[in-house]
Each structure stands twice: as C-alpha cells, then as structure tokens.
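Colleague: Could you take me on a close look at one part of this model, the surroundings of the modified lysine? I would enjoy a connected account that starts there and then works outwards.

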Amino acid sequence: MSTRTVVRGGLVVTASDEIHADVLIEDGRIAALAATGTPAAEAFTADRVLDARGKYVLPGGVDVHTHMELPFGGTSASDTFETGTRAAAWGGTTTIVDFAVQTKGQSLREGLDAWHAKAEGNCAIDYGFHMIVSDVREETLKEMDLLVEEGVTSFKQFMAYPGVFYSDDGQILRAMQRAAGNGALVMMHAENGIAIDVLVEQALARGETAPRYHGEVRKALLEAEATHRAIRLAQVAGAPLYVVHVSAAEAVAELTRARDEGLPVFGETCPQYLFLSTDNLAEPDFEGAKYVCSTPLRPREHQAALWRGLRGNDLQVVSTDHCPFCFAGQKELGRGDFSKIPNGLPGVENRMDLLHQAVLDGHIGRRRWVEIACATPARMFGLYPKKGTLAPGSDADLVIYDPAAEQVVSAETHHMNVDYSAYEGRRLTGRVETVLSRGELVVNRREFTGRKGHGVYLPRSTCQYLS
Ligand code: DUC
Ligand code: ZN
Ligand code: ZN
Ligand code: ZN
C-alpha cells in the first residue's frame, strides 16, 4: 500500500542548496519538493503531515566507517548490527557501510558471507559492506573483481597490525593494481605498524604501560610516512586512494600535496580527532583507555589542520570508525599493558550532532556539514543520489533536525550498547527530532518507532566522486 507523507515548512539543507520547501514522499522515495507556501506545495496531499517549521530537513546521515560486532583484541565490539543501527538512527544516520573481514587463510567470500549473516534481518537502517583484505593472494585478487560486480566496491588494507590485518607494500601494490582495473576504491589504514610494534615493545620494557603511551608510540610521523607511501603506491598502480581516519596534521599535509599534484587521493577524519585529544588519553585511573583507538588521538594542535582540511576539501568525509568496547571487562583487558586495550571508540550516534556544533562554532558551513556527513560519503562509495541527498527519486531517508534544542551527551541517555560516552557531559546545541528511512518513521519526535529488519543490504556502484 502506498503511503504519502508531506514534510512541511522546514529549511531543506543539502550539500548544494538551502531552501524553505515542503517535501512530498511517496512509496519510500522523495516524489517532489516545492517552495513552502507556493501553489505547487499546497497541492501536495498526503496521509501524513510532518511539521518541520523552525527545523532543518536533512538527508539522512551516511556513515561509511563502522565496525559492528568486530572481533578485535580477544573480544568483540559491543554494538551488534541491531543495537548499533538503532543508535545510528537515533543520531540521524540512516545508512552505514560496515567492514566485512577476511581473516588470514580465508577467502573474501567466506568473510563477506559471515558479515551478511551478522547483519541480515537485524538492521534498523540500510547498510552496505566494504571488505577488509588481510590475505592478498592470487585467488583474493580474482575475488575482488567478483565482489565489485556484486556491490562491494571498496577494500580496506592495513599498513598497521602486523600478523593480523597487515599487508606489506607488495601486497598493497597488487591490490591497488587490481583496483585500478576493476574500478574499486582502496581504503588505507595508514600507520607504519612494523615500526610501531618496535616502539610498543620498547615502551613496555621501560614500564610505560598506561593508556597515554598508546598515543606516544603511534607517532604522527609514522601516520604521515605511511600516508605518503600509500599515496605513492596508488600513484604507481594508477588507482585512486581513500585514507581512513586521518588524525595527524602531517598526514593531512601529505594529502594536500598529492591533491595539489592532481592525484585522485581522498581523506576521511572522525569526530574523535576533531573534538578529543591526547588530554583524554592521559586521564588518570585508567580512564584514558576509553579513548584508545587507532590512529590515536593527537595533541590538540592537530585539530586546526583537520578543520582546515575539511574546509579546503583535502579531507572529504567525516565518518565515525564506530568500534565500541565497554570500559568494564573490555577496555580493562589492557590494565597494565596499553597494547592490550581493544582499539576503538563509540560514536555512531554522535556524529551529526557534533558536526552541527562545529557549524555553530564556525568551523564549517551548514551545507558543508551535509556534504561531509551525507552527500560525499554516498558519492565516494557509490550510493548517490539514492542516499546522501533529497532529490526526486532519492530514497526518503530524511531527518527533521531541531537546530535550537539543547542536549548534554551522556552514556545514561545514549542508545549505543556501551557503558561510557567519549563525549560525556558535553553540551551541544541541535538535536535529531524525527528520522525517516525509505519513508518509514524510525524516530518520531524522540521516540523510537523503527524495527529490526527494516534495514536492507545496499549493493553499491563504484566510486562516483572522481568525475
Ligand atoms: N582502529 C580502531 O580504532 N578500531 C578498529 C580498527 C582500527 O583500525
Ligand atoms: Zn583502521
Ligand atoms: Zn575502522
Ligand atoms: Zn548556508
């Protein structure tokens, strides 16, 4: 049965436009937009009218970097696809692209099937997969072509984590060459893991076991060095490159240089690098463990370079790298040895709000907010204009956002399945009020009305950002 919804009177904000408009939704898609108060808008008739006066109407957020249920460091990320996608919806995100994992010895197919099994029937919002490649063999390279054809069009490689996800330069080059041929986008975790492991061992031998040493051994220079190497390997292979979770000013400089040379090189950063710092990692009583992620948080001075990168488009995307571990029982595995703290921060619920605060604080403009959080991630990973914008034909993934509502972020009120918030006590202006996914109300005036299993798998086209 066809339901028609009209969202009336809001300020529709997309990456390109801001217009007071009414939005007509039919059969789960945007049917039409018309300037509020005009005869065209008055002619919209519907079974359901949502009042958006005084609010923004945004495309649903697209978070292209999450790790629901990721096995890591002897434990597993605490959000399932069910709890994590529900929390995402609460935070105004209506699409995630999560990472399926190939472990060493496995085929890509086995890894991908395992992630489909975790997600299928459990998600409140739509989802796609990137594939983590940790075992580059001839077979793996052939499988990459097959995966691209079925909508897994991006592959993450690691220059970090020797013995686990790590690929050496030759393996990276081979995968990049394959990507150059099949249109896939290689995503790189750019940190020199071989050098970092030496520094970890030396730090522990000196008795430096507290969480803050995680930040000291994972040096900005080793992120910059790996970023540089990844860029040049991609250049040699003739492939585009997307560097994930950029945190160091020196790494941004490498991206800037490559882009000034005209190379198709892209970068993502995450809210934790924009809003948190090594001050958090240094919190006493092992509290710093809450902030252990890789790449690590950096000294506050790096933040200006990240904001500049986002404004100047040397960084194109803000995703969360949502990878939550509870403090109790999970982060605590690293008491007495920072290298045993599972790496990752919760954040899938907080991204849209933190970036709205950045608009208020003058770091970015309002349309740029929508661009880095919705439109560009959708384009970068082949989901546009189905996702990431509000145009006739787009999925009706839509957020009614109250730019004046005040909130205090807290683990007591968030919906992620984790016992702390990385932003505990932070006051933010702006809050998600209502969320639609393909025309269905998932959050209705701060009440969850979605359901597990509503979210569907999204096969993706290849990167649409190059053209
Ligand atoms: N970094 C994290 O912080 N967690 C999971 C994997 C990664 O690269
Ligand atoms: Zn990573
Ligand atoms: Zn990640
Ligand atoms: Zn504006």
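Modeller: Happy to! A residue is called buried here if 20 or more other C-beta atoms lie within 10 Å of its own. Lys156 has 23 C-beta neighbours inside 10 Å, so it counts as buried. Please keep in mind that this is a predicted model. The modification itself comes from the UniProt record, an unreviewed entry, which annotates Lys156 as "modified residue: N6-carboxylysine".

Lys156 sits in strand 11, which runs over residues 154-158. Apart from neighbours within four places in sequence, Lys156 is in contact with Phe99, His130, Ile132, Val133, Met187, His189 and Val244. One of these, His189, leads us to the ligand, since His189 is also among the residues around ligand 1. The other members of that shell are His67, Phe72, Cys293, Ser294, Asp321, Cys323, Asn343 and Gly344. Sorted by class, the shell holds 3 nonpolar, 5 polar and 1 charged residues.

Ser294 in this shell deserves a second glance for its backbone. The peptide bond from Ser294 to Thr295 is cis, with omega near -5 degrees. Thr295 belongs to the loop between helix 11 and helix 12. For comparison, most peptide bonds are trans. A further cis bond joins Tyr384 and Pro385, where omega is about 0 degrees, and Pro385 lies in the loop between helix 14 and strand 16.

The loop between helix 11 (278-281) and helix 12 (302-311) also holds Ala289. With 26 C-beta neighbours inside 10 Å, Ala289 counts as buried. Its contacts, not counting residues up to four places away in sequence, are Pro211, Phe327, Lys331, Gly334 and Ile341. Ala289 and Lys331 are 42 residues apart along the chain, with 6.0 Å between their C-alpha atoms. Asp285, in the loop between helix 11 and helix 12 as well, is exposed, because it has 6 other C-beta atoms within 10 Å. Asp285 also shows a positive phi of about 60 degrees, although it is not a glycine. Glu69 likewise has a positive phi, near 55 degrees; its place is the loop between strand 6 (61-66) and strand 7 (71-72).

Back at the lysine, we can follow the packing into the core. Val186 touches Phe155, Gln157, Ala175, Met176, Ala179, Ala234, Ala239 and Leu241, leaving out residues up to four places away in sequence. Phe155 and Gln157 in that list fall within strand 11, the strand of Lys156. Val186 is one of the residues with the most contacts inside the largest nonpolar core, which has 148 residues. Val23, Met131, Ala230, Ala234 and Leu241 are the others named there. In soluble globular proteins, nonpolar side chains tend to be buried together.

To place all this in the whole, 56% of the 467 residues in the protein are buried. A compact globule with 467 residues would have a radius of gyration near 23 Å, and the protein has 21 Å, which agrees. The UniProt annotation "domain: Amidohydrolase-related", from an unreviewed entry, covers residues 56-442. Over residues 56-442 the chain is 36% helix and 19% strand.

How values were computed
Residues numbered from 1 in each chain as written. Chains lettered and ligands numbered in written order. Predicted model: local features only at pLDDT ≥ 70, side-chain atom pairs only at ≥ 80, totals over all residues. UniProt positions renumbered as here; feature names shortened; annotations may be inferred. Helix = DSSP H or I, 4+ residues; strand = E, 2+ residues; numbered from the N terminus. Rg over C-alpha atoms; globule rule 2.2 N^0.38 Å. Buried ≥ 20, exposed ≤ 12 C-beta atoms within 10 Å, placed from the backbone. Near = placed C-beta within 6 Å. Nonpolar A, V, L, I, M, F, W, Y, C, P; charged D, E, K, R; others polar. Core = buried A, V, L, I, M, F, W, Y, C linked by C-beta atoms within 7 Å. Contact = placed C-beta atoms within 7 Å.
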